[in-house]
Amino acid sequence: MPARTPLFTPVAFVGAGPGDADLLTLKALRLIAAADVVIHDRLVSADILALARPGAQLVAAGKEGFGPSTPQAVINSLITGHALAGARVVRLKGGDPVVFGRLDEEIEAIEAAGLTFEIVPGITAASAAAAAIGQSLTKRGRNAAVRFLTGHDMAGFADHDWRMLARPGEVAAIYMGKRAARFVQGRLLMHGADRATSVTVVENAARPNQRVIATTLDRLPADLDAAALSGPALTFLGLAPRAAEARISQSRQEFA
Ligand code: SAH
């Protein structure tokens, strides 16, 4: 008898995008609809979970910066346990699984269990937030590189090359940056950043409750406090919403 190859990849890491079900890929949709078990993080919206087939098991395996979270080892054994039992497992992650998604830890567990996997990319928060403010992440003459940073890591606030980030024209997308706002501001100012550098925070990008806070490096912590954000938020360093940018350059011309 020929060797039996499985009819499906036991585990698919699927990007759920920023929250709007219309921003899923067709492949994501197909895999979600076919899954026996969907293990998802907190960022995945109810609209997207509703695409699982009736009878599919939905498992919330939350991870939150400073809040309560499911230990990584528990998530790993949930994935491998279901897959070894023959279930089609979709590990559904907000945005793109390859961006700040702790993907490698889960892949290592899958490989150690002798299982195979595939990765289905999704739209990352930075892409959705840039679209929300009508801006491009890169622009000829302004920035030829864009950096994706995390505001904090396992050791606390994350350290970066602040001197480089403080240069005019730099653009960075800061994930998990809400609590780190004051720290980021302090580090950048210490390295000579202009206080008037545009900073834009997009909360709940691509969701019905999306909010845009256009501010400057100088006013970032105060404006963030005043906004009292409750949803996921992406912070852009060096980008203003297109409409605000037009107003800023117009008033500069009027004063000139
Ligand atoms: N893999 C995800 C990122 C996970 S880290 C991705 O590719 O988007 C979690 C952080 O992502 C949040 O703290 C926030 O900074 C950002 N984020 C995720 N979804 C978001 C959304 N809809 N709007 C704004 N920021 C979001």
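**Ligand and domains**

Mentor: Let's begin at Gly94, where a polar backbone atom lies 2.9 Å from a nitrogen atom of the ligand. Keep in mind that this is a predicted model.

Trainee: Why is the pair formed by the ligand and Gly94 called a polar contact?

Mentor: A polar contact needs N or O atoms within 3.5 Å. The pair at Gly94 is 2.9 Å apart, so it is a polar contact.

Trainee: What makes Thr124 and Ala205 partners of the ligand too?

Mentor: For Thr124, an N or O atom in the side chain is 2.6 Å from an oxygen atom of the ligand. For Ala205, a polar backbone atom is 2.8 Å from a ligand nitrogen. Both distances are within 3.5 Å, so these are polar contacts as well. As for cover, the ligand taken alone exposes 550 Å², and the protein buries 91% of that.

Trainee: Which residues are closest to the ligand, and how many surround it?

Mentor: There are 18 around the ligand, and the closest are Asp96, Val99, Thr124, Ala205 and Ala233. By class, the shell holds 12 nonpolar, four polar and two charged residues.

Trainee: From which domains does the shell around the ligand draw its residues?

Mentor: Domain 1 (11–120) and domain 2 (125–251) each give at least three residues to the shell. The centres of these two domains, taken over C-alpha atoms, are 28 Å apart.

Trainee: How do you know that domain 1 and domain 2 are in contact?

Mentor: Contact asks for heavy atoms within 4.5 Å, and nine residues of domain 1 meet 13 residues of domain 2 in this way, so the domains are in contact. The area buried between them is about 950 Å², and carbon and sulfur atoms give 74% of that. On the side of domain 1 that touches domain 2, six residues are nonpolar, two polar and one charged.

Trainee: How many salt bridges are there between domain 1 and domain 2?

Mentor: The count is zero. Two residue pairs between the domains are in polar contact.

Definitions and conventions
Residues numbered from 1 in each chain as written. Predicted model: local features only at pLDDT ≥ 70, side-chain atom pairs only at ≥ 80, totals over all residues. Heavy atoms only, no water. Near = heavy atom within 4 Å. Polar contact = N/O pair within 3.5 Å; in protein donor to acceptor, adjacent residues only side chain to side chain. Areas by Shrake-Rupley, 256 points an atom, 1.4 Å probe, with all protein chains shown as cover. Nonpolar A, V, L, I, M, F, W, Y, C, P; charged D, E, K, R; others polar. Domains from an automatic or database assignment. Buried area = accessible area lost by both parts, 1.4 Å probe. Salt bridge = Lys/Arg side-chain N within 4 Å of Asp/Glu carboxyl O.
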